[in-house]
Amino acid sequence: MPKQYIIPGMMIRDMLVPVPLDWTKPDGAFIQIFVREIVDPVKRRDDLPTLAFLQGGPGGKSPRPVGGGPSWLAEALKTHRVILIDQRGTGRSSRIEAETMSRFENGEAAADYLMHFRADSIVADCEHVRKNLMGDRKWETLGQSFGGFITLTYLSQAPEGLAACYVTGGLSGLSASADEVYRRTYPRVAVKNRQYHKRYPHDAGLFSRIADHVAENDVRLPDGDRLTVRRLQTLGIAFGGGAGFESVHWLMDEAFADPDETRLSDSFLFSVMAATGFDSNPLYALLQESIYGQGSAPTNWAAERIRAEFPRFHPDQRPLMMTGEMVYPWMFEEIRSLRPFRDAAEALAAHSGYPPLYDATRLFANDIPVAAAVYHDDMYVDAGLSLETAGRLGNCQAWVTNEYEHDGLRQSPEVFRRLRTLVQERGGPL
């Protein structure tokens with residue numbers, strides 16, 4: 001039964017919906033999808049349009065309405081009924097955890113299971129929710145990052161359910177391989193490193209001293225993992241966010257526990273463990289490269305292979321360069337929370353025969369209004385690929401801006417407001 005309750009400014013209804021694990025076998029095994037409906041209590045009886053939020057990731061659960069939620073949510077509740085869905089494998093939707101992997105005899109069996117957690121299955125889940133819980137009315141979608149990838153799959157597979165689509169930092173390359181994605185990504189991460197050190201010029205030396213200390217000593221994180229330089233480098237994933245430089249700077253600022261820099265502080269080690277571990281979202285690491293998989297070619301640890309083409313990112317280099325949104329095979333050995341997923345990760349990296357996620361012909365002929373924010377300096381999703389996709393997507397308007405980083409949607413209500421205006425000025429949702 002749905003649970004309904006009111007918090008300040010929001011009436012909330014929580015539901016669990018059974019769906020097939022494999023949508024091609026609707027009579028087979030089932031999993032649970034968690035759906036949260038939010039509406040302004042004053043407008044709860046109004047006939048409002050519905051906005052479904054497509055979360056970034058992969059492996060990210062829908063945002064929780066803490067303190068009013070992200071800035072876009074308050075803006076959306078002025079005019080819409082909002083649907084938050086925990087994508088399969090996340091949050092309360094048959095969550096993927098270490099225990100899940102123990103059910104499978106080997107990595108190949110686990111990988112076969114995980115292949116049902118890509119964008120095509122997520123779209124089928126959304127359509128099931130829309131038809132059965134929303135009265136089969138068209139809805140609008142807001143896709144952040146990976147949610148934009150899902151939007152393109154949605155437009156390819158089930159456009160009849162859509163009234164309008166808003167995308168922020170998530171127009172993927174329609175035919176770009178994982179190799180091409182990372183060849184574009186590493187240079188952008190290098191630029192972010194240079195920008196960071198321009199803002200904090202003294203941190204270059206500090207990073208190097210921390211790296212040398214880690215390389216020369218057996219430094220243990222609170223969970224027992226040994227801290228390595230290459231794990232330290234992954235803190236650079238934060239560089240793609242609006243406050244990313246500051247979060248890394250103030251973490252490093254308290255790295256050493258003593259003036260002589262002979263010991264790393266407990267606070268620093270705990271923060272590094274939390275920032276570079278995957279207890280809350282192992283699916284992110286597992287599927288990071290699989291979301292680019294199309295056709296017969298395996299991804300084969302693309303980020304690791306392409307990294308060799310950019311030797312400046314080697315852990316021995318000084319000043320130390322931080323990496324970005326990359327997942328490497330060594331993570332499944334060195335990081336406690338990922339070790340149970342090692343065999344599955346290896347099998348996924350070798351997987352071939354991916355079903356198509358995008359229908360280029362259907363996207364070119366698309367008539368659903370689409371407004372997309374393309375962040376010019378986006379570290380995660382290449383703006384060049386995004387603009388290529390915008391040019392191949394019918395009825396799409398791209399707003400290119402360098403005012404925001406990849407998380408602009410969470411930082412300012414203006415992003416969602418601007419995209420809605422673009423659609424309204426062209427006749428509004430269908």
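Here is a short chat about how the two domains of this predicted model meet, and about a few unusual backbone spots.

Biologist: What should I know before reading the numbers?
Modeller: This is a predicted model, with local features needing pLDDT of at least 70 and side-chain atom pairs counting only at pLDDT 80 or more, while totals for chains, interfaces and linings use all residues. Residues are numbered from 1 along each chain as its sequence is written, and side-chain values use heavy atoms, leaving out hydrogens and water.

Biologist: How far apart are the C-alpha centres of domain 1 and domain 2?
Modeller: The bounds come from an automatic or database domain assignment. Domain 1 covers 3-175 + 358-425, and domain 2 covers 178-350. Their C-alpha centres are separated by 27 Å.

Biologist: Which three residues supply 27% of the area that domain 1 buries against domain 2?
Modeller: Buried area is the accessible area (1.4 Å probe) that two parts lose on being put together, summed over both. Between these domains that comes to about 2,800 Å², with carbon and sulfur atoms giving 61%. On the domain 1 side, the trio that supplies more than any other three residues is P58, M379 and Y380.

Biologist: How many salt bridges are there between domain 1 and domain 2?
Modeller: A salt bridge here is a side-chain nitrogen of Lys or Arg within 4 Å of a carboxyl oxygen of Asp or Glu. E388 and R184 make such a pair, with their closest N and O atoms 3.7 Å apart. Between domain 1 and domain 2, the count is 4.

Biologist: Where is P58 found?
Modeller: Most peptide bonds are trans. The one joining G57 and P58 is cis, with omega about 5 degrees. Helices (H or I, at least four residues) and strands (E, at least two) are DSSP runs, numbered from the N terminus. On that numbering, P58 sits in the loop between β4 (50-54) and α1 (71-76).

Biologist: What is omega for the peptide bond from R318 to P319?
Modeller: P319 lies in the loop between α12 (302-307) and α13 (331-334). The bond leading into P319 from R318 is cis, and omega is near -5 degrees.

Biologist: What is the relative accessible area of D136?
Modeller: D136 is in the loop between α4 (119-133) and β6 (139-144). Its phi is positive, near 60 degrees, in a residue other than glycine. Buried means under 20% relative accessible area, exposed over 50%, and partly exposed in between (1.4 Å probe, protein chains only). D136 is partly exposed, at 45%.
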